[in-house]
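This report walks through one structure for a reader who has not seen it before. Please look over the sequence and the model first.

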Amino acid sequence: MAVSNASLEALSWHARFLGEAPGDEMVGGRPRQVPGKCWSRVTPTPAPSPTLALWSTEMAEALGLERTDKAGVVLGGGAPVAGMQPYAQRYGGHQFGNWAGQLGDGRAITLGEVETENGFLELQLKGAGRTPYSRTADGKAVLRSSIREYLCSEAMHHLGVPTTRALSLVSTGEAVVRDVLYNGNPAPEPGAVVCRVAPSFIRFGSFQIHVSDGHHQTLRTLVDHTVRHHFPHHDSSTDEGLIAWLTEVAERTAVMIAHWMRVGFVHGVMNTDNMSIHGLTIDYGPYGWLEPYDVDWTPNTTDAGRRRYRYGQQQHIGAWNVARLLESMAPLMDDVSRLQPVLDHYMEFAMNEQSETWAKKLGLGTLQESDEALVNDLLELLGATEVDMTLFFRHLCTITAPDVAHMADAFYDGSEPDTSTWNRWLKRWWERVDGEPDRGTMLQVNPKYVLRNWMAQLAIDAAEEKGDFSVAEELYELLKRPYDEQSEHEAKWFQKRPEWARHRVGCSMLSCSS
Ligand code: AMP
Ligand code: MG
């Protein structure tokens, strides 16, 4: 592990994406269409009064970066240091199923790529001002959504879910106006900038836009760049190589979503511009965590009507998105008929991942034919009662007899379990595992602590009302070890959703407004 004692200037900065993919050299400028290009140079907007509020020591260590006030200024949008070459990426995307044309980094600015002992990492500021892709919006981010992104991306990493990471959160000292529920009530909120980190922020939509524009040469260059640096074991110059690469992207996407299903995470906005080519969870917006298990739940009020991005639909949307990526590769293929089997493979692979996931959560060991019915019957039972997903599965890890009384506190008030029905299922499960579920595996896949919506909200309330980041710090530390008992934290955080959070904005209702 690198020692965290270097300043930002001393890191090894690179700009491989700028060097290889075609771009727009004009710095900043008004929102505009930039056909055929992959990026535009921009200058971050400095925060008027930057305070480095949250700092991921782990991420800083991976970069070898020292925490200093100066770093806070730069990571809040201050003047870039030597080596950084800030730019906004251009991409398109399907939003809620409809092609939306050019989108791009409207409020994200990449500072550069840092070479570390473990490969290259791109550092990107979210909320540091306008870019040519900001359209009519302000390029800013509010503290509330920044805390949510910072805490959740770090928590997901420690849960073993592929994700982008967060390095820092700087509060800007500036008020940003938002209409939280898009219902005609705009109000000022404190602003913030998160520095997020990933091998790259290339998305499905990064490729789609060039097909839509008819710029096939740019598409070719971007594919070659992506494969060369991020998937060097593939060869993008042949149909075989492209198919092998796309199969890997499809599988990584399915694996990521299987992890979401395992921990009860609902992304909320699985638009193709929010799908990382690396299969990482990206763009933490109106995401949420299942508390009562409910396949139809979505945290995103913007999607409340159709529930396109509901929990139970996520693998299918993954397939839909992979289909859009595959379509966008057609111009590069000699034989386009080879693309369809990749999609067929996705569905089969994803369903298999899903079955394996439930088998692990139930400690079943090697899957048997009768397991499908066992799992489906459990999911049906869970859906029919208001029962907390995290508490239920965690208690299942420690049960010593097939008796639902062991997980009584997982049931929400007014939804007490029908004991005989539950015990009938528990007995079936108990017999299936011969009274010896694979507890070791169960304890590694059924987290005790996740970032429940109300937990993030408590951190936000303290930060917004008193500039107090101690709750955020406490959660950051707690969620570094989500599978450990940490019994000293049980009374506070190993709890189902409190009544006050049932209908509160930010806990049960979230929108894309961030
Ligand atoms: P999202 O729903 O966060 O994935 O954003 C969709 C698109 O809107 C992306 O191109 C974002 O960069 C852009 N966008 C979202 N919020 C803002 C904002 N406050 N200012 C500028 N662009 C934004
Ligand atoms: Mg996005």
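Which residues does Arg144 touch, not counting residues up to four places away in sequence? The model is a predicted one, and in it Arg144 is in contact with Arg178, Val180, Glu189, Ile460, Glu464, Ser513 and Ser514. Arg144 itself is part of helix H4, which covers residues 143–159. Its relative accessible area is 14%, and because buried means under 20%, Arg144 counts as buried.

**Ligand 1**

One of the residues touched by Arg144 is Arg178, and Arg178 also has a polar side-chain atom 3.2 Å from a nitrogen atom of ligand 1. In total, 17 residues surround ligand 1. The closest are Gly104, Gly106, Arg135, Gly139 and Asn274. Two further side chains place a polar atom by a nitrogen atom of the ligand: that of Asp138 at 3.0 Å and that of Arg107 at 3.4 Å.

**The magnesium ion**

Asn274, listed among the closest residues to ligand 1, is also a protein donor of the magnesium ion, which is ligand 2. Asn274 contributes its OD1 atom, and the other protein donor is Asp283, through OD. These donors lie 2.0 to 2.2 Å from the ion. Both residues are buried.

**Salt bridges**

Asp283 also takes part in a salt bridge, with Arg196 as its partner. The structure holds 34 salt bridges, and three of them are set out below.

| Pair | Closest N to O distance |
|---|---|
| Glu58 and Arg165 | 3.2 Å |
| Arg196 and Asp283 | 2.8 Å |
| Asp296 and Arg310 | 3.7 Å |

The side chains of Glu58 and Arg165 meet in a salt bridge. This pair links distant parts of the chain, with Glu58 in helix H2 (residues 57–63) and Arg165 in strand S9 (residues 165–178), 107 residues apart. Glu58 is partly exposed at 30% relative accessibility, whereas Arg165 is buried at 13%.

Arg196 and Asp283 are joined by a salt bridge too. Here 87 residues separate the partners: Arg196 sits in strand S10 (residues 187–198), and Asp283 in the loop between strand S11 (265–266) and strand S12 (288–289). The relative accessibility of Arg196 is 2%, so Arg196 counts as buried. Asp283 has a value of 12% and is buried as well.

In the third pair, Asp296 bridges to Arg310. Asp296 and Arg310 are 14 residues apart, each in the loop between S12 and H8. Asp296 is partly exposed at 41% relative accessibility, and Arg310 is partly exposed with a relative accessible area of 23%. Elsewhere, salt bridges with shared partners connect Lys126, Glu149, Arg196, Arg203 and Asp283 in one network.

**Helix H6**

How many residues does helix H6 have? It has 15, running from 216 to 230. The distance from its first C-alpha to its last is 21 Å, close to the 21 Å expected at 1.5 Å a residue. Which residues of H6 are buried? They are Thr218, Leu219, Arg220, Leu222, Val223, His225, Thr226, Val227 and His230. These buried residues pack against four helices: H1 (16–20), H5 (204–213), H7 (239–263) and H8 (314–329).

Conventions. Residues numbered from 1 in each chain as written. Chains lettered and ligands numbered in written order. Predicted model: local features only at pLDDT ≥ 70, side-chain atom pairs only at ≥ 80, totals over all residues. Heavy atoms only, no water. Helix = DSSP H or I, 4+ residues; strand = E, 2+ residues; numbered from the N terminus. Expected span 1.5 Å × (residues − 1). Buried < 20%, exposed > 50% of the residue type's maximum accessible area, 1.4 Å probe, protein only. Contact = heavy atoms within 4.5 Å. Donors = N, O, S within 2.8 Å, 3.2 Å for Na, K, Ca; no water. Salt bridge = Lys/Arg side-chain N within 4 Å of Asp/Glu carboxyl O. Near = heavy atom within 4 Å. Polar contact = N/O pair within 3.5 Å; in protein donor to acceptor, adjacent residues only side chain to side chain.
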